[in-house]
Amino acid sequence: MEKLMALYGISSPSGREGKMAKFIIEELKKMEIPFRQDRYGNIYAVKGNRESYPCVVAHMDEVHRRKTGSYAAHLVADSMIVGYDHKRKRMTGIGADDKNGIWICLKCLEDCKTVKCAFFVQEEVGCIGSSHADMSFFSDCRFVIQCDRKGNGDMVTQINGMKLCSNEFISAIDFRKYGYKPAQGLNTDVAALKRNGLEVSCINLSCGYYEPHTDNEYTVVADLCKCYRFVRHIICCHKGTSMHIPEAGKKTFPGYYELFGLTGYSEEDYIRLSEEKYMGHAKTTKTSSKNKF
């Protein structure tokens, strides 16, 4: 857990991810893994030399803006990690959204023989980094996994009414064995990649953090490790490319933080609004098609 605790100690608010990027780059250099950084600040790493690659992505920014140097992350009872501001004597967020995802990416790069990883900037303010991603990086990817979901059992397969993956991919990865179930989720980087035209299956997994974007945020270590085991399972067992063509004509729905800001966490309202938007768009499209003839 040393690397995870180090990640929690890095301040990386949206637009100021430099310290986090530096940490990731130093880790990649230690592992002698080739990488590059684009002009937006996104980092792309490739391990191995194959015709196709599994791919895992994460975002480098967090919503927390620490104003004192007395913050530290603490492991409690060998099971939970919390943040505490010793000067103010209160709990504070640890940025597990999405430092847990970064940790999983680095573990995959360390443990897997062949894998691609991308680390995006400014996800929390509208998926800016992934919206401007170099899509050629994903041209030889079999699938893309993101670990940027609260809890311990959601496998997000649909965002804003937009499907992220094929039914065949869902059936092939044995998700029930690892305690996951299909779910609808909030806007994040894999949705931006699909809107950019990514033609392989994507999912977003719960990775053990709870109460994100609040001072009470915490990580359950066992749930984070379960997510990593599931990711490793998919990488090891799914050797084929899972094609999934993004839906044409899908209108972009505003991101969660564009609607509710960086505080509050009304996921239920967001999903309800996105479904209403999707159903309204589908109804309009159907009516227009009828009128056309």
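Which residue is the bridge partner of V57 in β8? The partner is Q146, as the second of the following legends sets out for this predicted model.

**Figure 1. Overall fold of the predicted chain.** The secondary structure comprises 9 helices and 13 strands. Of the 293 residues in the chain, 54% are buried. Among contacts with a separation of 6 or more, 76% are between residues 24 or more positions apart. The chain exposes about 13200 Å², and carbon and sulfur atoms supply 51% of that area.

**Figure 2. Strand β3 and its pairing with β7 and β8.** Strand β3 spans residues 53–59, and 7 of its 7 residues are buried, so the strand is largely enclosed by the rest of the structure. Y53, C55, V57 and H59 point one way from β3, whereas P54, V56 and A58 point the other way. Strand β8 (residues 141–150) runs parallel to β3 and is joined to it by 5 bridges; within this pairing, V57 is matched with Q146. Strand β7 (residues 115–120) is likewise parallel to β3, with 5 bridges between the two. Here V56 stands opposite C117.

**Figure 3. Surroundings of K116 in strand β7.** K116 has a relative accessibility of 6% and therefore counts as buried, the cut-off being under 20%. The side chain of K116 makes a polar contact of 2.7 Å with the side chain of D140. Beyond its neighbours within four places in sequence, K116 is in contact with Y53, P54, C55 and V56, among others. Further contacts of K116 include A45, V46, F137 and C141.

**Figure 4. Surroundings of D154 in strand β9.** Strand β9 covers residues 154–159. D154 is buried because its relative accessible area is 14%, which falls under the 20% limit. A polar contact of 3.0 Å links the side chain of D154 to that of K181. Not counting residues up to four places away in sequence, D154 touches R149, Y180, K181, A183, N204, L205 and S206.

**Figure 5. Nonpolar cores of the chain.** The largest nonpolar core contains 56 residues, and those with the most contacts inside it are I104, F119 and V231. Apart from its neighbours within four places in sequence, V231 is in contact with V56, I104, C108, I145, C147 and L205. A second, separate core consists of 20 residues, including F137, V156, L198 and C202.

**Figure 6. Helix α3 and the cis peptide bond from D97 to D98.** Helix α3 (residues 96–111) has 16 residues and reaches 21 Å from its first C-alpha to its last, close to the 22 Å expected at 1.5 Å a residue. The helix is mostly covered, with 13 of its 16 residues buried. D98 lies in this helix, and the peptide bond from D97 to D98 is cis, with omega near 15°. Most peptide bonds are trans.

**Figure 7. Loop residues E32 and D174, each with positive phi.** Most residues other than glycine have a negative phi. E32, which is not a glycine, has a positive phi of about 55°. E32 is found in the loop between α2 (18–30) and β1 (35–37). With a relative accessibility of 72%, E32 counts as exposed. D174 also has a positive phi, near 55°, and lies in the loop between α5 (167–172) and β11 (181–185). D174 is partly exposed, with a relative accessible area of 35%.

How values were computed
Residues are numbered from 1 along each chain as its sequence is written. This is a predicted model: local features need pLDDT of at least 70, side-chain atom pairs count only at pLDDT 80 or more; totals for chains, interfaces and linings use all residues. Side-chain values use heavy atoms; hydrogens and water are left out. Buried means under 20% relative accessible area, exposed over 50%, partly exposed in between (1.4 Å probe, protein chains only). Helices (H or I, at least four residues) and strands (E, at least two) are DSSP runs, numbered from the N terminus. Two strands pair if DSSP finds at least two bridges between them. Contact means heavy atoms within 4.5 Å. Accessible areas come from the Shrake-Rupley method with a 1.4 Å probe; for residues, only the protein chains shown count as cover. A polar contact is a pair of N or O atoms within 3.5 Å; within protein, one must be able to donate a hydrogen and the other to accept it, and residues adjacent in sequence count only if both atoms are side-chain atoms. The expected span of a helix is 1.5 Å times one less than its number of residues. A nonpolar core is a set of buried Ala, Val, Leu, Ile, Met, Phe, Trp, Tyr and Cys residues joined through side-chain atoms within 4.5 Å.
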